[in-house]
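Got the viewer open? Let's walk through this one selection at a time, starting with the charges and ending on a single side chain.

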Amino acid sequence: MKNRLKVARAEKDLTQEDLAKLIGVSRQSINAIESGRYVPSTVLALKMALVFGKPVEEIFFLEETD
């Protein structure tokens, strides 16, 4: 699964640490999600969507290989 998390963070002027605090995870978790090493749970993806005021599908999307 790919994501536009880094772009969404930049639009809101949030650091990885800022986002991590807002949704209750570590900065390392945000880094792992952004780099594609970790796929967030549904609950975590929904929390991020709420922070950015966007539908989940605008932040996360499937690749053809998924």
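Start by colouring the charged side chains: the protein chain has 10 positive and 10 negative ones. The centres of these two sets lie 5 Å apart. Keep in mind as you click around that this is a predicted model.

Now show the surface. The protein chain exposes about 4300 Å², and carbon and sulfur atoms supply 53% of that area. Beneath it, buried residues make up 32% of the 66 residues.

Switch to cartoon view. You should find five helices and two strands. Trace the chain along its sequence and the pattern reads β-α-α-α-α-α-β. Zoom out for the overall dimensions: the C-alpha atoms fill a box of roughly 30 × 20 × 20 Å along the principal axes. A compact globule of 66 residues would have a radius of gyration near 11 Å, and the protein chain agrees, with 11 Å. If you turn on contacts with a separation of 6 or more, 53% of them are between residues 24 or more positions apart.

Next, select helix α4, residues 42-52. Which of its residues are buried? Colour L44, A45, M48, A49 and F52, and you have them. Look down the axis: these residues cover an arc of only 140°, so they sit on the same side of α4. The general rule helps here: an α-helix has 3.6 residues a turn, so residues three or four places apart point the same way.

Spin α4 around to the face turned away from its buried side. The exposed residues there are T42, V43 and L50.

Flip back and ask what covers the buried residues of α4. Select α1 (5-11), α2 (16-23), α3 (27-34), α5 (56-59) and β2 (60-61), which are all included in that cover.

Before leaving this helix, click on the residue that follows α4: G53. Check its backbone angles, and you'll see that phi is positive, near 65°.

Last stop: E34, in helix α3. Is this side chain's residue buried or exposed? E34 has a relative accessible area of 17%, and because buried means under 20%, E34 counts as buried. Show its surroundings to see who is there: leaving aside residues up to four places away in sequence, E34 touches N3, L5, K6, R9 and Q16. Among these partners, L5, K6 and R9 fall within the 5-11 stretch of α1, so keep α1 coloured while you look.

Methods: Residues numbered from 1 in each chain as written. Predicted model: local features only at pLDDT ≥ 70, side-chain atom pairs only at ≥ 80, totals over all residues. Heavy atoms only, no water. Helix = DSSP H or I, 4+ residues; strand = E, 2+ residues; numbered from the N terminus. Rg over C-alpha atoms; globule rule 2.2 N^0.38 Å. Buried < 20%, exposed > 50% of the residue type's maximum accessible area, 1.4 Å probe, protein only. Contact = heavy atoms within 4.5 Å. Areas by Shrake-Rupley, 256 points an atom, 1.4 Å probe, with all protein chains shown as cover. Lys, Arg positive; Asp, Glu negative; His and termini not counted. Charge placed at Lys NZ, Arg CZ, Asp CG, Glu CD. Arc of directions from axis to C-beta.
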